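Biologist: I would like to go through this chain one question at a time. Please explain each term when you first use it.

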Amino acid sequence: MIELGSCRLSLVDDGDYRLDGGAVFSAVPKVMWEEYKTPDDFNRIRMATNSLLVERGSELLLIDTGIGDRGGAHFRDIFGMEDGATRLPEQIRQAGYELGDVTHVLLTHLHFDHCGWNTQGDPPKPTFPKARYWLERGEVEHARHPNVRDRSSYDPVNWEPLFEAGVVELFDDQGSPIEGVEAIKVPGHNADMCIVRLDGGEGEEAVWWTDLVPTAAHLPYPWIMGFDLFPVTIMENKQKWLPRAAEAGWLCFFGHETDEPVGHLVESRPDRYSSEPVSLPSRLEGDER
Ligand SMILES: [Zn+2]
């Protein structure tokens with residue numbers, strides 16, 4: 001648990017998966033990225049599926065919901081998912097909460113690895129029975145009409161049952177589900193993805209980068225993913241946001257970082273940022289991954 005002013009933050013995750021290292025680092029040569037991420041025999045690197053619980057007063061907000069449990073053996077094989085990993089619902093319980101305690105779910109975007117536990121069961125129902133789900137309108141429209149490039153990233157089972165259950169709150173460009181939590185549209189990874197700014201009060205602030213900066217190794221401006229639909233735009237947005245985060249001392253969360261998911265940015269040389277990790281004793285205890 002991390003205290004951020006009057007908020008209590010708990011980092012939880014849905015187990016690791018694996019992606020091709022070349023795809024994760026795009027034009028960066030392997031001789032450079034493998035210093036940070038060691039590939040397996042299939043050239044895949046481990047990716048976390050982090051989510052964040054934000055407790056403030058009587059409200060409990062969850063940012064992103066991992067991969068979910070619908071993937072069959074073939075899916076788990078392609079993405080190198082290990083059997084026996086502690087998945088998101090259990091992690092939430094280990095953090096001291098029940099699924100029914102979650103009052104708000106905020107989705108940074110609707111790619112399958114960020115919203116998989118939105119629903120569960122057959123027929124699919126909201127996993128968090130008391131929550132309102134906050135979705136950005138443009139992302140929903142795109143998810144319903146994806147292009148050839150990104151259609152494999154979207155699965156309607158992750159959002160349509162929410163509309164059927166009447167639990168969706170749509171927002172445009174910017175949305176604030178609870179006090180001190182603000183989703184802000186930052187294009188680049190796709191057109192409508194939102195980062196999340198947290199203001200706990202007492203001068204304590206944080207940011208959930210989601211796929212703007214998926215791991216700490218993606219902090220250099222040109223270190224972007226091959227999946228990013230708008231490469232130049234994402235670099236420009238990193239140039240805009242990273243100096244702000246460093247200057248203001250925001251606590252930074254990296255959604256796909258396995259090893260050092262939380263840190264403060266430092267300008268290690270002009271115009272180049274790196275993360276000074278903040279250790280999370282509760283998460284690392286007994287966690288051999
Ligand atoms: Zn994504």
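Modeller: Two residues are in contact, or touch, if their C-beta atoms, placed from the backbone, lie within 7 Å. This is a predicted model, where local features need pLDDT of at least 70, side-chain atom pairs count only at pLDDT 80 or more, and totals for chains, interfaces and linings use all residues. Residues are numbered from 1 along each chain as its sequence is written.

Biologist: What is the mean pLDDT of the chain?

Modeller: pLDDT is the predictor's confidence in each residue, from 0 to 100. In this chain 97% of the residues reach 70 or more. The mean is 95.

Biologist: Over which residues does pLDDT stay under 50?

Modeller: Where pLDDT is low, the predicted coordinates should not be read in detail. The stretch in question has 3 contacts in the model beyond four places in sequence. It covers residues 283-289.

Biologist: How many residues are in the largest nonpolar core?

Modeller: A residue is buried if 20 or more other C-beta atoms lie within 10 Å of its own, exposed if 12 or fewer, and partly exposed in between. A nonpolar core is a set of buried Ala, Val, Leu, Ile, Met, Phe, Trp, Tyr and Cys residues joined through C-beta atoms within 7 Å. Val105, Val196, Val207, Trp209 and Cys252 have the most contacts inside the largest one. Its residue count is 69.

Biologist: In what order do the 7 strands of the open sheet stand?

Modeller: Helices (H or I, at least four residues) and strands (E, at least two) are DSSP runs, numbered from the N terminus. Two strands pair if DSSP finds at least two bridges between them. The pairing in this sheet is mixed, and the order is E1-E2-E5-E6-E7-E10-E11.

Biologist: Which strands stand at the edges of the sheet?

Modeller: An edge strand here has a single partner strand, so one side of it is left without a neighbour in the sheet. The two are strand E1 (2-4) and strand E11 (168-171).

Biologist: Which residue in E7 stands opposite Leu62?

Modeller: Strand E6 (residues 59-63) has 4 of its 5 residues buried, so it is largely enclosed by the rest of the structure. On one side, 5 bridges join E6 to strand E5 (residues 50-56), and the two run antiparallel. E6 also pairs with E7 in the parallel sense over 3 bridges. Leu62 also appears, with Thr65, Asn118, Phe128, Ala131, Tyr133 and Trp134, among the residues touched by its opposite number, not counting residues up to four places away in sequence, and that residue is Val105.

Biologist: Why is Thr103 classed as partly exposed?

Modeller: Thr103 is found in the loop between helix H4 (88-94) and strand E7 (104-106). It touches Glu59, Leu60, Leu61, Lys130 and Ala131, not counting residues up to four places away in sequence. It is partly exposed because the number of other C-beta atoms within 10 Å is 18.

Biologist: Which strands do the buried residues of helix H7 (residues 231-248) pack against?

Modeller: H7 has 18 residues. Its buried residues are Ile234, Asn237, Lys238, Trp241, Leu242 and Ala245. They pack against strand E15 (204-208), strand E16 (251-253), strand E17 (262-269) and strand E18 (272-277).

Biologist: Which residue just after H7 takes a positive phi?

Modeller: The phi is about 70°. The residue is Gly249.

Terms used:
The expected span of a helix is 1.5 Å times one less than its number of residues.
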